[in-house]
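The following exercises concern one protein model. Each states a task and then works through the solution step by step.

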Amino acid sequence: MQGAISTFGQLYFLFDAVSQLSIFSHMASLLAIRQLLGPGSSEITSSQFHTSSIVLSQLRKKSKKPNGKSSSPPRTRLAKSLQPTGKAKKLGKLEIATSRPEFKRDVVPHEGLAPQQRASPPRRITSEPRSIPRRRTPNDDADADAQVKNWAIKAHSERVDRRKAVARQPPVPQVNPLEEEFDLAAPASSSSKDLPTRFSSPPLMPGLLESLQETLGKEAKPTAIQASSMKHLFKEHVEGEKYKEFLLASETGSGKSIAYLLPVLQDLKRTEHEQSNAVSHNSSRKPLNPRALVLAPTHELTRQLAGFAKKLSHVIKLRVMCASKANTPSTAKSSGTASKMKGKFEDAGAASDAEFVISKSSRGSRPVDLLVGTPMKLLEMERGRGWNWEERARERAMRIGKAKSEEHEDLKEEDGGNKEAPREFWVDEPEMGLESVQWVVVDEADVLFDPDFQESTRMLLADIAAARGSPVPVIPSSALSSTPDSEATTTTISYPFNLLLTSATIPTSLATYLSNYHPSLTRLASPRLHHLPSTLRTEHTSWTGGNKNADIERRIRRVWAEDALVHSKTATSPGPIKLSKLLVFCNKRSKVEQLAAFLDSRGIKCVALTGGAEARKRGSNHHLDGFLKTGGPVATGPGVCDPAQTPHVLVTTSLLSRGLDFSPMIKHVFIVDEPRNMIDFLHRAGRAGRAGETGKVVVFGRAKGRGSGRTEDVKEKVRAVAG
């Protein structure tokens, strides 16, 4: 008996040590328990002691680096402030737009009325004899009132004493749930005042104002970032003056596209005749000579931006072109047929990697003012198709294995090593000149200056600078400094054109890059940067523990049931119920395909879109019809409101989380996989609740069991960015 008690005491001591030490001491203690219990103890220890997700989450919070810094890489950490650092403190500038007045409700109809007295509950009847109370006298009432008064005075004094005691205590430092997501070492920021409160002419030219009012309405008012743009970006460029460098940082759905398109289009129209004369004197004119470029990360975003720019410029008559659209002639050749044209059309789409090129027959004259495209596509147009044929051939060899490379080696050995391997990619003639470029807009700058994409972006910017006669060095990605440089040892990059960067999230890596290499850049930010739109609500739902796809289907049908209930209360005439459209985000391509197949089998027609989808190779956004905001007439007809015939659900990855302006019919965004970081969450959730529209983001997670600790962390971070 004593031996058992001693063994239990040692077990209790080891279990107490497990709760206080890290996970490594936890494992060591389990080994000690197994040695103490002897053979056959592995099953007991594995069943009685387990490392739950909650314990792991607590241990993760306690385990930090010796220097106190977070382990998150700078590309996924959001900058708390855009205040210039390093050598940019003297040259750079930050202005934050003032907050707009909050919405105020009307006076409630029952204000000033006395509250209705609640009826006293019925008295309980008991079988016990009730004692007859004695008659109360006026003295008894006075004593009772005095006693109640004394108790009130005593309670008030106790409350005052407690408040004073709390005030004397030192403030307890609050733990920021976004400590690993935000850079907390940034200083305070300055605010900008005297911002315009309405769109007017000036500063807008009449034709541009007319197009804007046709798009937004005559009573539309500028958002914070749009007001900052109207104050700073409409100043005319003076000869010899340094070109503009601005960063527009604002939350999703705040109208950043309008903020940068308006000054660019107006300046292009104002300098139209000057640039046309300059281009006419250029002897080495290429088929395309754009005066402004807009860079975006995806084909879908470039097409939508180009369409929106055409709407804004149709009155002032500027020529806007998208590099991702089909530019093949619409008429057949002398011996052409419809089937041959279709084959050529499909071949052109497949050969250009989801993008189309300008056919040689249409290269004679293609005037364009604003060109929208991805950096890689514009590099291909400027350098010629196949300019990176060696890199493409290397990537293709890695995809299909080393069989072809071995064949090339055999050919070299047979020819004595003098003959090179045959090429599969050839360099075509360039079709775009960069000498006339005056404006360059980098939309979604945090993606295009991400380590995975910044090489092509900076290469294109350097080519533009060289074409304009002021070359700049192209610093290798490995040589870029990742920390703010206060000793001015980095090379300052100054491009000979106006450069605008825009994004809804500013990682610390981008903020550091701008402070080191663009110290004089001016930062324009909105007061709700790195927060969700105020009209977007968040909701957390738990998995039931069974089929996750069935849980998603159940939540989708619940949304449509709510739509039917609202329709029954508000409908004034008989008609079909307009069901909401939903956007579902997954982390993996396989999960997108699996979920879409399940919903289709359950009678919910949906669109599954990933990076390799065939629908993206058609040169337009028709594969997203019904989901993107187009401004055209709403589709009508039989089956349009039936989710079994017309797609009402779009399942995708982060491919469509950047910059796209979805239809107001999308009021719900489902995030079925835990977001990898808060940058992805902000962009995914921001596809709803745009431009003042109401919306809801539903985040799925585990309420209990393994993984519930991670879900609780996500909830805390979501509450922080939604505030």
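**Exercise 1. Determine what share of the contacts with a separation of 6 or more joins residues 24 or more positions apart.**

Solution. The model under study is predicted. Among contacts in the protein with a separation of 6 or more, 80% are between residues 24 or more positions apart. The secondary structure against which these contacts may be read consists of 22 helices and 17 strands.

**Exercise 2. State how many of the residues count as buried, as a percentage, and describe the accessible surface.**

Solution. Step one: the protein has 723 residues, and 43% of them count as buried. Step two: its accessible surface comes to about 41300 Å². Step three: carbon and sulfur atoms contribute 53% of that surface.

**Exercise 3. Find the aromatic pairs and classify the one formed by Phe 449 and Tyr 513.**

Solution. Step one: a search of the whole structure returns 5 aromatic pairs. Step two: in the pair of Phe 449 and Tyr 513, the ring centres are 5.4 Å apart and the planes make an angle of 35°. Step three: stacked requires planes under 30 degrees apart and edge-to-face requires over 60, so the pair is classed as tilted. Step four: Phe 449 belongs to the loop between α16 (445-448) and α17 (454-467), while Tyr 513 belongs to helix α18 (residues 508-517); the pair therefore ties together parts 64 residues apart in sequence. Step five: Phe 449 and Tyr 513 are both buried. Step six: ring pairs also bring in Tyr 517, giving a cluster of Phe 449, Tyr 513 and Tyr 517.

**Exercise 4. Classify the pair of Phe 670 and Phe 700, and locate its two members.**

Solution. Step one: the centres lie 5.7 Å apart, with 65° between the planes. Step two: this angle is over 60 degrees, so the pair is edge-to-face. Step three: Phe 670 is in strand β16 (residues 666-671) and Phe 700 in strand β17 (residues 695-701), so that distant parts of the chain, 30 residues apart, are linked. Step four: Phe 670 and Phe 700 are buried.

**Exercise 5. Identify which residue lies over the face of Trp 387 and which over that of Phe 627.**

Solution. Step one: Arg 383 lies over the face of Trp 387, 4.7 Å from the ring centre. Step two: Lys 581 takes this position over Phe 627, at 5.3 Å from the ring centre.

**Exercise 6. Report the number of disulfides, and decide whether Cys 322 and Cys 586 are buried or exposed.**

Solution. Step one: the search of the whole structure finds 0 disulfides. Step two: Cys 322 has 3% relative accessibility and therefore counts as buried. Step three: Cys 586, at 0% relative accessibility, also counts as buried.

Note on methods. Residues numbered from 1 in each chain as written. Predicted model: local features only at pLDDT ≥ 70, side-chain atom pairs only at ≥ 80, totals over all residues. Heavy atoms only, no water. Phe/Tyr/Trp six-rings, centres within 6.5 Å; stacked < 30°, edge-to-face > 60°. Helix = DSSP H or I, 4+ residues; strand = E, 2+ residues; numbered from the N terminus. Buried < 20%, exposed > 50% of the residue type's maximum accessible area, 1.4 Å probe, protein only. Lys NZ or Arg CZ within 6 Å of the ring centre and 35° of its normal. Disulfide = S-S within 2.5 Å. Contact = heavy atoms within 4.5 Å. Areas by Shrake-Rupley, 256 points an atom, 1.4 Å probe, with all protein chains shown as cover.
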